[in-house]
Amino acid sequence: MIENTEYLLAFLKTAIYGCSLFSGGTLLFLYIFRQETRNIRSELYSFIARSSLLGITLIIINLGTQVIWLSAGDLSAFYDLDMIALVLSSSTGYTQLFLGLGLIGILSASKINHPIYGLLVLFLIPITYALSGHTGFYSPTWLLKIFIIGHLSIASFWVGSFIPLLALINQKKQTASGTLERFGTIAVFLVPLLLATGIGMAWLITGGINGLTTDYGLMLIAKTVFVVLLLCFAALNKLRLVPQFKTGQAPAAEKLKRSIRAEITLVLIILTLTAIITTIIPPEDLGHRLG
């Protein structure tokens with residue numbers, strides 16, 4: 001029962017990761033590409049609302065599952081106020097509550113249509129992840145947290161581009177071409193930062209090359225393989241498919257959409273591996289830094 005619960009928690013964590021990145025990233029994309037997305041704004045706000053509501057629902061389910069997990073599978077723990085308070089006051093509980101607040105803020109951003117409010121809400125999510133979990137175990141802690149905030153902010157923007165770009169490709173070729181080119185230009189600067197912060201996080205947690213032989217290190221290598229594949233698709237889009245789309249080649253639009261959908265699939269795989277690392281692998285197995 002407990003082992004199965006761990007896998008359920010990993011699944012829930014994957015889905016919550018996805019909802020927070022897709023909803024927050026799409027909102028960030030809307031702010032940066034305000035003019036380009038004006039014709040699909042209502043469609044994107046609808047997606048953000050659905051993704052945020054799903055994330056909030058999953059957070060509630062996750063907290064309930066945590067209660068069952070800590071009580072060794074005793075379903076009566078749902079009615080145990082002490083057990084519920086224990087979960088809510090834990091590091092995991094605080095993380096889920098702040099993520100929920102972030103998603104509620106994102107959900108309300110369409111009503112409170114102000115970029116400053118939206119950006120403050122958006123940064124709540126990476127900051128929450130930076131202050132949670134096992135990040136306090138590795139030094140220098142302040143540098144690791146900066147890496148996490150930077151890494152997740154960039155990743156959110158990248159992930160948040162998928163749905164708007166698919167919608168633009170389906171609607172207006174001229175607008176889509178310009179947006180794809182501008183996004184590609186921004187990505188040229190952001191991808192090195194994404195890689196640098198990711199490498200920095202991995203180095204601080206594993207403690208160097210020797211940490212790659214641990215359970216965490218092996219999972220990290222698996223994640224790296226999928227990240228490389230993701231970058232290959234991104235390069236294919238920028239160097240080949242976007243230029244073809246711009247010149248009006250007939251199959252280019254469908255190829256570009258298939259490529260973006262493949263990126264979405266790879267992101268979900270990467271999030272799944274991340275959830276497994278942070279849920280199923282205990283802290284003492286996250287490298288040799290805790291020994």
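Start by selecting helix α2 (residues 41-70) together with helix α3 (residues 81-88): in this predicted model, the two pack at an angle of about 115°, with their axes 9 Å apart. Angles of 65 to 115 degrees count as roughly perpendicular, and α2 and α3 are therefore roughly perpendicular to each other. Turn the view until one helix lies over the other, and you will be looking at a right-handed crossing of α2 past α3. Now show side chains. On the α2 side, pick L63, Q66, V67 and L70; on the α3 side, pick M83, I84, V87 and L88, and you have the residues that make the contact. Colour them by class and the count is 7 nonpolar, 1 polar and no charged residues.

Stay on α2 and move to S51, which is found in this helix. Is S51 buried or exposed? S51 counts as buried, at 9% relative accessibility. To see what surrounds S51, select C19, F22 and S23, its contacts once neighbours within four places in sequence are left aside.

Next, go to helix α4 (residues 91-108) and click on Q96. With 6% relative accessibility, Q96 counts as buried. Which residues does Q96 touch, leaving aside its neighbours within four places in sequence? Light up I16, I59, N62 and L63 for the answer. You have already met L63, in the contact of α2 with α3.

T92 is also found in α4, but here the setting is partly exposed, with a relative accessible area of 32%. If you like, draw a distance from T92 to S52: the C-alpha atoms are 19 Å apart in space, and the residues are 40 apart in sequence.

Time to look at the interior. Select L27, I106, F162, I169, F245 and L256, the residues that touch the most other members of the largest nonpolar core, which has 62 residues. Helix α1 (residues 2-32) gives this core its largest share, 11 residues. Zoom in on L27 and add Y45, I48, I106, A109 and L122; L27 touches these, not counting residues up to four places away in sequence. Then look for a second, separate core of 12 residues, with L144, F147, I148 and Y216 among them.

For the next stop, show helix α5 (residues 115-130) and find F123. F123 has a relative accessible area of 41%, so the residue is partly exposed. Add I149 to the selection: F123 and I149 are 26 residues apart along the chain, with 8.1 Å between their C-alpha atoms.

Finish with another helix pair, helix α7 (residues 162-171) and helix α10 (residues 252-279). Their axes are 10 Å apart, and the packing angle is about 165°. Angles over 145 degrees count as roughly antiparallel, and α7 and α10 are therefore roughly antiparallel to each other. The crossing of α7 past α10 is left-handed. From α7, display F162, L165, L166, I169 and N170; they meet A253, L256, K257, I260, E263, I264 and V267 of α10. By class, this contact has 9 nonpolar, 1 polar and 2 charged residues. Look again at F162, I169 and L256 here, since you selected them earlier in the largest nonpolar core.

Note on methods. Residues are numbered from 1 along each chain as its sequence is written. This is a predicted model: local features need pLDDT of at least 70, side-chain atom pairs count only at pLDDT 80 or more; totals for chains, interfaces and linings use all residues. Side-chain values use heavy atoms; hydrogens and water are left out. Axes are lines fitted to C-alpha atoms, for helices over the stretch in contact, and angles run from 0 to 180 degrees between N-to-C directions. Helices (H or I, at least four residues) and strands (E, at least two) are DSSP runs, numbered from the N terminus. Angles under 35 degrees count as roughly parallel, over 145 as roughly antiparallel, 65 to 115 as roughly perpendicular and the rest as oblique. A crossing is left-handed if the near helix is turned anticlockwise from the far one by less than a right angle, and right-handed if clockwise. Contact means heavy atoms within 4.5 Å. Ala, Val, Leu, Ile, Met, Phe, Trp, Tyr, Cys and Pro count as nonpolar, Asp, Glu, Lys and Arg as charged, and the others, Gly among them, as polar. A nonpolar core is a set of buried Ala, Val, Leu, Ile, Met, Phe, Trp, Tyr and Cys residues joined through side-chain atoms within 4.5 Å. Buried means under 20% relative accessible area, exposed over 50%, partly exposed in between (1.4 Å probe, protein chains only).
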